[in-house]
Amino acid sequence: MMLAAGVIALAAGTYAFRWAGPTLRSRVRFPERARQLLEIGAVVLLAALVAVTTLPIGTGDVGVALPAGVVAGGFLAWRRSPLLIVILAAAATTAVLRLIGVP
């Protein structure tokens, strides 16, 4: 019963957050500087998440292939390539490097 209550509470909270965005968008105004900082903060957090999840430091030898794939995908993303191309290029770069024996 406790698990069901937790699931219901999380579902209600998620729904409330999703409802609050469109509802409060016209009522809440941030200063321009705060908006810029929020946008920069989102990019920094996303970059940190990518770094932590793609470079498994502390789990053994990372090698060169994985960071090379991340760099290839990052370069294509910076050039504003489509997401599917970015993902495929990053995976292909890592796979080819591992296939030819680069750790």
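Axes are lines fitted to C-alpha atoms, for helices over the stretch in contact, and the angle between two of them runs from 0 to 180 degrees between N-to-C directions. With that in hand, the packing of two helices in this predicted model can be described. Helix H3, covering residues 65–78, packs against helix H4, covering residues 83–99, at an angle of about 155 degrees, and their axes lie 8 Å apart. Because angles over 145 degrees count as roughly antiparallel, H3 is roughly antiparallel to H4. The crossing of H3 and H4 is right-handed.

The loop between H3 and H4 is home to Arg80. The backbone of Arg80 deserves a look on the structure above: its phi is near 65 degrees, a positive value in a residue other than glycine. Arg80 is also exposed, since its relative accessible area is 76% and the cut-off for that class is over 50%.

Beyond the loop, Ile85 has its place in helix H4. Ile85 has a relative accessibility of 43% and therefore counts as partly exposed, a class that lies between the 20% and 50% limits. From Ile85 to Gly73 there are 12 residues in sequence, and the C-alpha atoms of the pair are 8.4 Å apart in space.

Attention now turns to helix H1, which spans residues 2–24 and includes Leu24. Gly13 also lies in helix H1, as does Thr14. Gly13 is partly exposed because its relative accessible area is 30%. Thr14, with a relative accessibility of 42%, counts as partly exposed, and Leu24 is likewise described as partly exposed, with a value of 37%.

Two C-alpha separations help to place H1 residues relative to other parts of the chain. Gly13 and Leu38 are 25 residues apart along the chain, and their C-alpha atoms are separated by 22 Å. For Thr14 and Leu83, the separation is 69 residues in sequence and 27 Å in space, C-alpha to C-alpha.

Finally, there is a nonpolar patch on the surface. Leu24, Val28, Phe30 and Leu38 together make this patch, which has an area of about 380 Å². One of its members, Leu24, belongs to helix H1. Patch residues need over 30% relative accessible area, so Leu24, at 37%, passes that cut-off. Leu38, another member of the patch, is the residue whose C-alpha atom is 22 Å from that of Gly13.

Key. Residues are numbered from 1 along each chain as its sequence is written. This is a predicted model: local features need pLDDT of at least 70, side-chain atom pairs count only at pLDDT 80 or more; totals for chains, interfaces and linings use all residues. Side-chain values use heavy atoms; hydrogens and water are left out. Patches are made of residues with over 30% relative accessible area and no salt bridge: like charges are joined within 9 Å, nonpolar side chains (Val, Leu, Ile, Met, Phe, Trp, Tyr) within 5 Å. Accessible areas come from the Shrake-Rupley method with a 1.4 Å probe; for residues, only the protein chains shown count as cover. A salt bridge is a side-chain nitrogen of Lys or Arg within 4 Å of a carboxyl oxygen of Asp or Glu. Helices (H or I, at least four residues) and strands (E, at least two) are DSSP runs, numbered from the N terminus. Buried means under 20% relative accessible area, exposed over 50%, partly exposed in between (1.4 Å probe, protein chains only). Angles under 35 degrees count as roughly parallel, over 145 as roughly antiparallel, 65 to 115 as roughly perpendicular and the rest as oblique. A crossing is left-handed if the near helix is turned anticlockwise from the far one by less than a right angle, and right-handed if clockwise.
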